[in-house]
Amino acid sequence: MPRFSIIVPSHGVAGRLSQALDSVLVQSFGDFELIAVCDAPDAPAADVAAGYAGRDARVSVVHSPPSEGLAGARNAGLRVATGAYLLFLDGDDLLLPGALTALAGWLAETGEVDALYFEHERTPWWEGEPTGPAGRLPAEAPAHAVAPGEVPWLTGVRRPAWSAAYRRAFVTGHGLAFPAGHHTDLGWGGLVTVAAERIAVLRRAVVRHRERRQGSRLALPGEHQFDLLDQSERVLVRAAEQALDARRYAPLFDQVLAAVLETAAHPDRVPARRRRAFLRRTRALHRRHRPARAARPDGRRRPAAPRPPDDRTDAGAGTGTGPHTGTGTAPDTSTGTGTGTGPDSASTGSSTTPVLRPARRVAVTRLLPLVLAHPLFRALCAAGRAGARGGRARAAVATRARGLATRLVYRWHLHRPLDENLVVYCAYWGRGYACNPAALHAAARELAPHLRAVFLVEPGREHAVPEDVESAVIGSPRYWTVLARAKYLVNNANFADAVVKRPGSVHLQTQHGTPLKTMGCDQSTYPVVAARSGSFTKLLRRVDRWDYNLSANRHSTEMWERAFPGAYEALEYGYPRNDLYYTADAGAVARARRALGVPQGATAVLYAPTHRDHRTGFETDLDLEAFCAAAGEDVVVLLRAHYFYDHGGRHSSGRVIDVTGHRSTEEVCLAADALVTDYSSIMFDYANLDRPMVVYADDWEVYRETRGVCFDLMECPPGPVARTPGELARLFRDGSYAGARSAALRAVFRERFCQYDDGRAAERVVRRVFLGEPPEALPPVVPLARRVPAPAATLVRS
């Protein structure tokens, strides 16, 4: 029998589950069993847990449906546990180093106890350091095991279930289980308190609790707050049934009631229409279970328990305000983007424009025409036009005047009704008509023709949008108008900080790649990246606007959840931009090659290196002309640098064709017979074509340490790995880049990372997001073995 059974529920935390499991498995004390509780065998967390179970016999996996909630998950783990003591660990928390050794050592000193309470750390994992020990135990608590009657004020009703170890024989002997519903920790802690006969404390932090920035779910408003009254009733009834000693009952009652009053004191936690009912039940609970107060030694009566608030008092007024649809920061009229320079798909940064305070609709409506028509405003604009010909000061004045007008325009439109048929698209911070937003737009034209679309582009890149697609220049009044009115906002990066998430609007984050490098909040521990990324708190404010987040594979789902934690719904539908890899025919491939200038019969090798955060510009240590000469007479290279370096400064020469500026990465991939890349996410998309790939990893160790990665590419490459230019050329010269070993590596890689791309991703997204169809009505994902990718031009697919 192991000393500890550690039960880890995993619902909604698949992205962080591996960190929780690792924190247990690296403990110096190894006599334990680790029970991961997953929603179902095909749930995201189940894949993670199954991998650990396959590598370590101490890990097992059980299942509990999400409908059973946290209580059901913990009870499922409890039923199969065999350890002497039970520990509960949330799937996004960590067991601190040395925790099990400390617990085992202290239990050896105290002897068998029913419950051993300990402290924990709290840390805002998105940004910041641990705040030090939390859930502190009172200094007067004895250092040895005691009967609960000796410390009646020490109860578990205000402590999380994961802040104690419980003797399994005690739990099973009393038939204890987590009560169903919300606030299950209060119910569990109270039932343990009533039944326990011997307890102890350990003044040491054992768990690192990583707080969600949005706060505890239990603090959110809703009907679930009535579960708090149910749990309280359950505990106090059990205490009465057990005829709990009055010295123990009084503090138990006080602490239970304090938890109820804490919720009653927050008008926003209970819906206004149900607030009177909550307060009535609170008063009834108080009358029914309040203890008789014993006399003090000096003959005076002990003070009565706190009186629950009357619904006529301030605490029961329930006068909270609704969401402000016109709040938020002012538009960044200097650039119109408000984004940073980081390369992640939700790049951080902030607007420096002063915040415009919320104003009533009538005030904005009246002020706007006055400002626009005011002679001073018109004179300032005229001065600005003159300043463009000479005089920076006059130009600056005009810019400020235009900025004021733009902010007022935005505020005014925020108070107008949403345009239910307007969709705003943006790709790569306004670079043009590209990536998932473009593919979704094309699909929506066919499936939802009633929708009107507007693409956002940077100034000077208007040509990057097709003539038959409506567009708006970032920073212009029209830009802010459509952002304020659109029902749907679609982006593969992020909108400006100043964009307000209006009630009823729908934000779809499509992402623009499968992550190999660390993203979002995971960048915080890598100084080179974090220094350029700015505030992670600001990043997460942008994430708060997302309603849906698109994923191409289960790996991405887990990484997005960890890097961009939020309340959005993950759509495991595939990337719409990758549909082309299954719908294009040989004619489309030939046209793509002709458009890029690939010679007839040549083997086109796409070279697509990624951005290096520790470098200031585009550099490659690979001499491409020398590579062509060494690789074979028929080899040409299609050079596609990272889009950060699309400045139009390079020119094709010899056998190297620069395709960096080509509008469509997907068409470039169609034209290529093989891919050479380092750590770019293009490998995950190109894998859908089932064509040869080679990883050129000349600086893998440096990249891994400076940027950070979320899996070891060297352990799971999509093809052969070359470390030097000579090795790379040799792979092409002898043909092994496309041999049997290459095909075997690619097959494993595709199985893992091409789960949902099947040619119908755009259709699924349009039907789900724009047309509101339920998930069960969408086209199912075609199994990988049945998909037929677009044919290569000069190579036969393996």
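Modeller: Before we start, two strands are said to pair if DSSP finds at least two bridges between them, and the model we are looking at is a predicted one.

Biologist: In what order do the strands of the 7-strand open sheet stand?

Modeller: The pairing in this open sheet is parallel, and the twist averages 25° from one strand to the next. Its edge strands, each pairing on one side only, are β12 (471–473) and β16 (569–572). Reading across from one edge to the other, the order is β12-β11-β10-β13-β14-β15-β16.

Biologist: Which residue of β14 stands opposite tyrosine 488?

Modeller: Strand β13, covering residues 486–491, pairs in the parallel sense with strand β14, covering residues 506–509, and the two share 4 bridges. Tyrosine 488 lies within the range given for β13, and the residue of β14 that stands opposite this tyrosine is valine 506.

Biologist: Which strands of this sheet does helix α17 touch?

Modeller: Helix α13 (residues 435–447) packs on the sheet, where it touches β10 (419–426), β11 (452–457), β13 and β14, and its direction makes about 145° with that of β10. Helix α17 (residues 554–563) also packs on the sheet, with a direction at about 140° to that of β15. The strands that α17 touches are β15 (548–551) and β16.

Biologist: There is also an open sheet of 6 strands; what angle does the direction of α20 make with that of β18?

Modeller: This sheet, with parallel pairing, runs in the order β19-β18-β17-β20-β21-β22, and its edge strands are β19 (656–658) and β22 (721–722). Within the sheet, β20 (residues 674–677) and β21 (residues 693–696) pair over 3 bridges, with leucine 675 opposite methionine 693. Helix α20 packs on the sheet by touching β17 (603–608), β18 (635–639) and β19, and the angle between its direction and that of β18 is about 150°.

Biologist: At what angle do the axes of α20 and α24 cross?

Modeller: Two packed helices are described by the angle between their axes and by the distance between those axes. For helix α20 (residues 624–631) and helix α24 (residues 725–733), the axes come within 8 Å, and the crossing is right-handed. The angle at which they cross is roughly 35°.

Biologist: How do the residues of that contact divide by class?

Modeller: From α20 come Phe627, Ala630 and Ala631, which meet Leu728, Ala729, Phe732 and Arg733 in α24. Arginine counts as charged, whereas the Phe, Ala and Leu residues count as nonpolar. The division is therefore 6 nonpolar, no polar and 1 charged.

Biologist: How much space lies in the second largest cavity?

Modeller: A search of the whole structure finds 10 cavities of 30 Å³ or more. The lining of the second largest includes Tyr117, Pro148, Thr155, Leu244 and Arg248, and by class that lining has 8 nonpolar, 2 polar and 1 charged residues. The space in this cavity is about 80 Å³.

Terms used
Residues are numbered from 1 along each chain as its sequence is written. This is a predicted model: local features need pLDDT of at least 70, side-chain atom pairs count only at pLDDT 80 or more; totals for chains, interfaces and linings use all residues. Side-chain values use heavy atoms; hydrogens and water are left out. Axes are lines fitted to C-alpha atoms, for helices over the stretch in contact, and angles run from 0 to 180 degrees between N-to-C directions. A crossing is left-handed if the near helix is turned anticlockwise from the far one by less than a right angle, and right-handed if clockwise. Contact means heavy atoms within 4.5 Å. On a 1 Å grid over the protein atoms alone, a cavity is a set of points where a 1.4 Å probe fits but cannot get out, and a pocket is an open set with protein on both sides within 12 Å along at least five of seven lines; lining residues have an atom within 4 Å of a point. Grid points are joined across faces, edges and corners, and a volume is the space filled by probe spheres set on the points.
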